[in-house]
Amino acid sequence: MLIVKNSELEWVTFDDWHNMDAGFSERLPSNDSADVMFARIKPGMTLGMHYHRRPLDLGGKDRGYESFFFFQGGNLLLLNKDGEKLIKTTEPFTVTFFSHEQEMHGIKNIGESDLVFQVICAPKFSDTEEIQV
């Protein structure tokens, strides 16, 4: 069993394009199949539009995904190739994006508090997979 509190995460601030902090811990699950991290977007900040190009499975298909779990809901705009979708709720929710250009996405925090969420990447995130738009 693994137990990791948010207060135990090592928070790293990404560049101006990402406009977010990422929370890591060696105790969070990680292997070639998937990995887990946390993300934090401050009020008024936007995680820029991007998509992922992940390795193909044995059948030659890209079945990768990135799933975000918002524990305390949020007040945000989900950005995609077709525009924006407003999400304003205090209820926990999950958003999953699949790995290809049609699933490009970004997030703008339009709330008054930090937007903190868990990220599960499958397969494991690679520094070369993210394509910024």
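Select first the sheet of 6 strands, an open sheet whose order is 1-2-3-10-5-8 and whose pairing is antiparallel; strands here are DSSP runs of E with at least two residues, numbered from the N terminus, and two strands pair if DSSP finds at least two bridges between them. The edges are strand 1 (10–13) and strand 8 (93–98), each of which pairs on one side only. Neighbouring strands of this sheet are turned against each other by 25° on average, direction ignored, with axes fitted as lines to C-alpha atoms and angles running from 0 to 180 degrees between N-to-C directions.

Before going on, note that this is a predicted model, in which local features need pLDDT of at least 70 and side-chain atom pairs count only at pLDDT 80 or more, while totals for chains, interfaces and linings use all residues. Residues are numbered from 1 along each chain as its sequence is written, and side-chain values use heavy atoms, with hydrogens and water left out.

Stay at the edge and select strand 5 together with strand 8: the two run antiparallel and are joined by 6 bridges. To inspect one of the pairings, pick Glu66, whose bridge partner in strand 8 is Phe97.

Next, select the sheet of 5 strands, which is open, antiparallel in its pairing and ordered 7-6-9-4-11. Its edge strands are strand 7 (83–89) and strand 11, each pairing on one side only, and the twist averages 30° from one strand to the next. From the strand 7 edge, strand 6 and strand 7 pair in the antiparallel sense over 7 bridges and form a hairpin with 2 residues between them; here Asn75 stands opposite Lys88 in strand 7. Strand 6 (residues 74–80) also pairs with strand 9 (residues 105–109), again in the antiparallel sense, over 5 bridges, and Leu79 stands opposite Gly106 in strand 9.

Move to the other edge and select Glu130, which lies in strand 11 (residues 130–132). The side chain of Glu130 makes a polar contact with the side chain of His18 at 2.7 Å (a pair of N or O atoms within 3.5 Å; within protein, one must be able to donate a hydrogen and the other to accept it, and residues adjacent in sequence count only if both atoms are side-chain atoms). Leaving aside residues up to four places away in sequence, Glu130 touches Trp17, His18, His50, Tyr51 and His52, where contact means heavy atoms within 4.5 Å.

Now display the pockets (on a 1 Å grid over the protein atoms alone, open sets of points where a 1.4 Å probe fits, with protein on both sides within 12 Å along at least five of seven lines; lining residues have an atom within 4 Å of a point). The largest pocket has a volume of about 480 Å³, a volume being the space filled by probe spheres set on the points, which are joined across faces, edges and corners. Of its 23 lining residues, Phe14, Phe24, Met37, Cys121 and Phe125 are the closest to the centre. Strand 3 gives the most to this lining, with 4 residues, and the lining of the largest pocket divides into 13 nonpolar, 4 polar and 6 charged residues. In this scheme Ala, Val, Leu, Ile, Met, Phe, Trp, Tyr, Cys and Pro count as nonpolar, Asp, Glu, Lys and Arg as charged, and the others, Gly among them, as polar.

Finish at the second largest pocket, which holds about 290 Å³ of space. Of the 16 residues that line the second largest pocket, Gln72, Gly73, Gly74, Ser113 and Asp114 are the closest to its centre.
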